[in-house]
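Here are my notes for you, written as numbered points. Keep the structure open beside them and look up each residue as you go.

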Amino acid sequence: MSDDASGVNSPSGNELNYMFRIQGGDFAGAGAVSSRIKKILQQIGTKPDVIRRASIATYEAEMNVVIHARMGEVALTATPLKVHIRILDEGPGIPDIGLAMQPGYSTASDEIREMGFGAGMGLPNMERCADNLEIRSVVGTGTTVDMVFNND
Amino acid sequence: MDQSRQEVVGVMEFAKLSEEVSGTTEDRVGLTLAQIQSILKAQVLCCEEKMGSQAFSACGCDLMSDVLAFTKPGSILLTGLTNSQVVRTAEMLDLKGIVFVRDKQPDADTIRLAMDCGIPLLSSPYPLYESCGLLFAKGLKGCITVE
């Protein structure tokens, strides 16, 4: 995992920006980005409940990239009032987002299920954890997930 | 015997003396990891210095997304899966520890990850159903209340 970290002060207050990469198929390294993001949120004093929900949702998103995509990027933007996490991937995309949001629906292989994933709860978990979730996808190109967590 | 080892032994001695659940926080009743180790006849694989910490609930599950959906912080996880993602799941949820059932043991990389994350790992000879039952009988509740 490589990451670029930069801090930018915006006129409205402090804003931190981080970018991380995820390698598709890298099960040994999966979760490292979410772990790093969790530590960053702890260091900057984000509310514990927000840290927990953001960590769970980011981890589910990271696993989706590792399981389904070729590669992905995670962008974290944190202000005192809000945490925004965007996950973009290059991969197959999601043909029917509504169907994918249904608990229990999964396109994961048997090998993935043997690891304990692929039960079809990833996207529902992300929706449950985030204060705002948007998913955009192009079949054959990839998927972008935007999650916002209110820290006020 | 160094001090940390003495503390662990001290906690385990207490667990043997008392068969009842001990320690409450507000209205929550918990079990220490040392008590859980004793009840499940478990081997400690790492983070032995944390055996005095307390779990207030438990989840027995092999589906990590279900664990992420339903498990409360402060819980322990009982599972038959030994891959590193079990440790990552526990890290995300701030779980108190993981018990691998049926004498299952994770590989060295997974144990190392758990040490880095500060998550105690135990391995019990009991299967999942029996392990959960033994802890439930000692007052360790699950994470979901069914009305």
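1. Let's begin with A:Arg53, which is buried, with a relative accessibility of 16%. Please keep in mind that this is a predicted model. You will find A:Arg53 in helix 2 of chain A. Setting aside residues up to four places away in sequence, A:Arg53 touches A:Cys129, A:Ala130, A:Asp131, A:Phe149 and A:Asn150. One of these deserves a closer look: a polar atom of the A:Arg53 side chain lies 2.7 Å from the backbone oxygen of A:Cys129.

2. That brings us to A:Cys129 itself. Is A:Cys129 buried or exposed? A:Cys129 is buried, and its relative accessible area is 2%. Why does the sulfur of A:Cys129 form no bond with the closest cysteine sulfur? The closest cysteine sulfur belongs to B:Cys143 and is 14 Å away, so the two are too far apart for a bond. In general, a disulfide is a covalent bond that joins the sulfur atoms of two cysteines.

3. How many disulfides does the structure hold over all chains? The count is 0. B:Cys47 is a nice case to think through: the nearest cysteine sulfur, in B:Cys46, is 3.9 Å away, and B:Cys47 is in no disulfide. The cut-off explains this, because a pair of cysteine sulfur atoms has to be within 2.5 Å to count as a disulfide. B:Cys47 is also buried, at 9% relative accessibility.

4. Staying with B:Cys47, have a look at B:Gly118. Leaving out neighbours within four places in sequence, B:Gly118 is in contact with B:Cys47 and B:Lys50. B:Gly118 sits in the loop between helix 5 (108-117) and strand 9 (121-123) of chain B. This glycine, B:Gly118, counts as buried at 17% relative accessibility. You could also compare positions along the chain: B:Gly118 and B:Val87 are 31 residues apart, and their C-alpha atoms are separated by 9.9 Å.

5. Now go back to chain A and find A:Arg128, in helix 5 of chain A. A:Arg128 is partly exposed, at 46% relative accessibility. Its C-alpha atom is 8.6 Å from that of A:Arg53, although A:Arg128 and A:Arg53 are 75 residues apart along the chain. What does A:Arg128 contact, leaving aside its neighbours within four places in sequence? The answer is in the other chain: B:Leu68 and B:Ala69. A polar atom of the A:Arg128 side chain lies 3.3 Å from the backbone oxygen of B:Leu68. The side chain of A:Arg128 also reaches the backbone oxygen of B:Ala69, at 3.4 Å.

6. Those contacts lead to the interface as a whole. Chain A brings 24 residues to the contact, and chain B brings 21 residues. Between them, chain A and chain B bury about 1700 Å², with carbon and sulfur atoms giving 51% of that area. Of the area that chain A buries against chain B, 31% comes from A:Lys38, A:Arg52 and A:Tyr59, more than from any other three residues.

7. Finally, the charged and polar pairs. There are 2 salt bridges between chain A and chain B, and A:Lys38 and B:Asp94 meet through their side chains in a salt bridge at 2.6 Å, N to O. Across the interface, 17 residue pairs are in polar contact. On the side of chain A that touches chain B, helix 1 (32-43), helix 2 (48-68) and helix 5 (122-129) each supply at least two residues. Helix 2 of chain A gives the largest share, 6 residues. By class, this side of chain A has 11 nonpolar, 7 polar and 6 charged residues.

Note on methods
Residues are numbered from 1 along each chain as its sequence is written. Chains are lettered from A and ligands numbered from 1 in the order in which they are written. This is a predicted model: local features need pLDDT of at least 70, side-chain atom pairs count only at pLDDT 80 or more; totals for chains, interfaces and linings use all residues. Side-chain values use heavy atoms; hydrogens and water are left out. Buried means under 20% relative accessible area, exposed over 50%, partly exposed in between (1.4 Å probe, protein chains only). Contact means heavy atoms within 4.5 Å. Buried area is the accessible area (1.4 Å probe) that two parts lose on being put together, summed over both. A salt bridge is a side-chain nitrogen of Lys or Arg within 4 Å of a carboxyl oxygen of Asp or Glu. A polar contact is a pair of N or O atoms within 3.5 Å; within protein, one must be able to donate a hydrogen and the other to accept it, and residues adjacent in sequence count only if both atoms are side-chain atoms. Helices (H or I, at least four residues) and strands (E, at least two) are DSSP runs, numbered from the N terminus. Ala, Val, Leu, Ile, Met, Phe, Trp, Tyr, Cys and Pro count as nonpolar, Asp, Glu, Lys and Arg as charged, and the others, Gly among them, as polar.
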